[in-house]
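Reader: I am new to this structure. Could you take one strand, go through its partners, and then follow whatever leads on from it?

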Amino acid sequence: MKAGVRLAGALLNSLFNNGCNSRICASRGGDSLAGHKLKIPRTWKTAGVAGALTALLLGGASIQRAGAQASALEQPDNYTWLEDIHSAKSMEWVKAEDARTAEVLEKQKPFSQLQGEALKVMDSPDKLPSPQFRGGMVYNTWRDKDHVRGIVRRTTLESYLTADPKWKTVIDYDALGKQDKQSWVGKGLACLEPEQEHCMVALSVGGEDAITLREFNLKTGKFVEDGFVMPRGKQRIAWLDKDTLLIGCDWGPGTMSEAGYPITIRKWKRGTLLESAVEVYRGEIKDNGYGDNPYVMVDGQGHRVAVVERNKTTFEREWYLLLPDGPKKLGLPLKCSLNGLQDNQLLVLLNQDWTPEGQTKSVTQGSVFALDLREVEQDPVHLKPTVVFSPTSQEFAQQVAITKNHVLLATLEHVQGRAYVYSRGKNGKWTRLKLPVPDNQTIGISTTSLLDDKFFLAQTGFLTPSGVMLGDAADGSLKPGKTQKAQFDGTQDVVQQLEATSKDGTRVPYFVVHRKDIKMDGSTPTLLTAYGGFQVSNTPYYDAVMGKLWLESGGAFVLANIRGGGEFGPAWHDAGLKTHRQRIYDDFYAVAEDLVARKFTSPERLGIEGGSNGGLLMGVEFTQHPEMWKAVVIQVPLLDMLAYEHLSAGASWVGEYGSVSVPEERAFLASISPYSRVRPDVHYPEPLIFTTTADDRVGPVHARKFAARMEEYHLPFFYDEITEGGHGAGADNRQAARTEAEEFTYLMMKLMD
């Protein structure tokens with residue numbers, strides 16, 4: 001699942017699948033989604049699904065409850081009435097809990113100061129304007145005190161590299177919202193490659209995943225009169241040419257999966273009614289991954305290919321070429337993703353060992369390989385892969401991106417960032433050049449150009465302000481581009497990378513950020529976080545708000561690289577799937593034990609935080625080890641694991657968690673489900689539970705029901721549900737600053753004197 005209360009990740013601009021399809025494509029990323037900003041949120045991040053677009057449009061419909069025989073661990077579900085999200089009774093309960101929490105936390109002495117400091121950081125003119133190449137220009141989406149919902153702006157590359165770029169506003173979301181009388185939040189642009197003149201703008205009400213799409217021309221800087229428009233919904237698009245879109249949306253009964261995502265793809269020609277679009281692909285209602293999605297991949301030599309990704313489950317997918325005589329299924333394994341087209345070569349990232357049809361030699365899990373598109377079109381079943389990158393025991397692929405003539409690859413080597421340029425010779429062989437990136441930093445591909453070989457790499461670290469380096473794949477050059485000014489004083493802090501030993505003997509690395517003069521006596525207030533799911537890699541990132549509000553106050557911060565993530569390749573993720581998930585929770589607890597054993601902190605000074613899938617992690621640790629934590633922040637979480645499949649987009653995550661319809665999996669889910677495991681006779685820490693009414697991905701129901709059960713048991717808790725924000729901290733900086741201030745007020749109240 002994609003997520004993010006400090007969702008700084010890369011997801012939203014390349015939202016709509018043009019030119020590449022990787023989990024963090026070129027990063028393509030704009031919100032897994034637009035220009036990869038490389039900061040991996042403390043609480044939660046995009047989950048590892050292939051395709052930038054899926055991140056954007058998550059959310060789903062409900063399906064009927066189904067289950068095997070109930071486990072003895074299950075409790076009666078007395079709070080199904082809270083599943084009616086907008087009912088008067090539900091909202092009355094929410095408002096009462098919000099008021100009770102605000103009465104305590106917002107009246108604490110630090111709250112107003114922390115809120116002001118957080119907003120100052122978020123609105124700072126010294127932030128890094130993350131670049132994205134479009135049509136030879138550099139674009140950036142920007143928010144500050146004068147642009148609350150943000151603007152899309154552009155400048156030349158030469159101007160961008162100066163200290164004071166000359167920006168021109170292209171889209172003003174605040175002005176558009178005022179004009180339309182809507183609480184618009186921009187969700188990115190999907191543009192026709194390679195020129196990127198013709199675009200679709202994604203607009204969300206209050207930050208929800210459902211979007212409205214409108215055609216916009218970047219050359220004229222205007223919305224296109226009588227152009228393409230798609231009404232609000234969970235939908236996918238890809239540009240086939242300037243007059244044709246491939247679209248997936250709700251066409252009526254039988255066209256959406258049980259999880260609420262499109263399963264039919266149609267071709268829509270300019271000047272015709274949306275209803276007249278011609279179907280080119282149809283999946284199955286049981287396709288409960290992230291929908292069946294169109295992609296159009298383009299290379300710098302003018303080749304173009306249209307494909308459909310059929311998401312059968314969370315991590316299993318089929319790929320189809322859209323050819324004149326219909327869709328043709330590729331003979332690829334179920335666990336792989338297409339990552340772009342270069343010199344008519346399809347780039348594929350493999351997440352399982354695979355022996356191609358008719359061959360005896362296998363390709364190793366974690367490899368990146370190329371397929372000649374001409375050969376694939378002639379015989380889509382008997383594929384002939386050429387390996388471009390092979391993983392080692394410590395180095396694994398993270399991102400693949402395309403320039404006009406080359407391929408970029410970002411990797412992690414023992415959670416250290418690396419980057420390479422790959423080139424295909426006339427003999428068909430691939431060679432690589434290692435780029436001179438700095439050590440001990442997170443490295444990611446921010447944006448690439450198909451018009452030339454320029455690219456930006458993003459670099460960041462816990463104490464290193466985020467920046468970008470300008471590269472040219474043609475000669476492998478790399479030079480400083482732009483770095484933001486420090487937003488907090490980190491001169492008194494230091495970063496260590498350590499390891500803990502999990503219950504089964506697995507070594508689990510983690511990072512600790514702390515004062516140089518720390519007293520190793522267990523007295524340091526410490527905030528520990530992780531994600532642990534969907535093959536999402538957690539790496540160091542510059543979190544200015546956390547630094548300003550927490551590190552400057554003397555707190556320590558810990559990021560754990562537990563199983564379930566992608567730091568050590570697909571196997572690290574697979575080790576924690578379904579009934580093996582306890583390994584993830586054991587890893588997290590092992591890190592906590594190690595911190596206490598080393599005397600960094602103690603249970604009286606240790607707090608934990610996580611959101612989305614990380615919110616489930618928090619709930620499990622809260623119920624399994626209540627004595628270890630003094631503070632627990634649970635954000636936009638899954639908590640009712642016996643009902644998650646019918647709540648919002650839950651059916652799309654069965655590949656990660658398992659299903660209550662399978663007896664063995666139901667029994668395991670009952671054993672970890674925080675909603676089922678909380679007990680009236682146990683002493684728990686007082687948690688802070690945060691969610692949003694507008695979250696149409698995980699939804700607010702999990703948080704509501706968990707809080708209601710705690711209330712029934714007379715257990716103390718704080719609960720905050722804001723109305724906007726979608727699956728995040730707020731719809732704009734002002735809302736997010738309040739959320740941050742509330743969280744750190746709570747943490748200071750619990751962990752600091």
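Author: Two strands pair if DSSP finds at least two bridges between them. Strands here are DSSP runs (E, at least two residues), numbered from the N terminus. This is a predicted model, in which local features need pLDDT of at least 70, side-chain atom pairs count only at pLDDT 80 or more, and totals for chains, interfaces and linings use all residues. Residues are numbered from 1 along each chain as its sequence is written, and side-chain values use heavy atoms, with hydrogens and water left out.

The strand to look at is β7, which runs over residues 211–217. Of its 7 residues, 6 are buried (under 20% relative accessible area with a 1.4 Å probe, protein chains only; exposed is over 50%, partly exposed in between). That makes β7 a mostly covered strand.

β7 pairs with strand β6, residues 198–205. The two run antiparallel and are joined by 6 bridges. One of the positions to find is Cys199, whose bridge partner in β7 is Phe216. β6 and β7 form a hairpin with 5 residues between the strands. In this hairpin Gly206 has a positive phi, near 70°.

β7 also pairs with strand β8, residues 222–223, over 2 bridges and in the antiparallel sense. Asn217 is opposite Lys222 of β8. Here too there is a hairpin, with 4 residues between β7 and β8. Gly221 takes a positive phi in it, near 75°.

Another partner of β7 is strand β9, residues 229–233. This pairing is antiparallel as well and has 3 bridges. In it, Ile211 faces Gly233 of β9.

Now back to Cys199, the bridge partner of Phe216. Cys199 forms a disulfide (a pair of cysteine sulfur atoms within 2.5 Å) with Cys191. Their sulfur atoms are 2.1 Å apart. The count for the structure comes to 1 disulfide. The torsion about its S-S bond is about 105°, so the disulfide is right-handed. Both ends are covered: Cys191 is buried at 2% relative accessible area, and Cys199 is buried at 0%. Cys249, by contrast, is in no disulfide. The nearest cysteine sulfur to that of Cys249 belongs to Cys191 and is 20 Å away. Cys249 is buried too, with a relative accessibility of 6%.

One further cysteine leads to a sheet. Cys336 is buried, at 0% relative accessible area. The sheet is open and has 4 strands, in the order β18-β19-β20-β21, with antiparallel pairing. Its edge strands are β18, residues 336–342, and β21, residues 386–389, and each of these pairs on one side only. β21 is joined to strand β20, residues 368–372, by 3 bridges in the antiparallel sense. Phe369 has Val387 of β21 as its bridge partner.

A second open sheet can be set beside that one for reading. Its 4 strands have the order β26-β27-β28-β29, with antiparallel pairing. β26, residues 442–448, and β29, residues 477–483, stand at the edges with a single partner strand each, so one side of each has no neighbour in the sheet. β26 runs antiparallel to strand β27, residues 454–460, and 6 bridges join the two. Thr442 is placed opposite Thr460 of β27.
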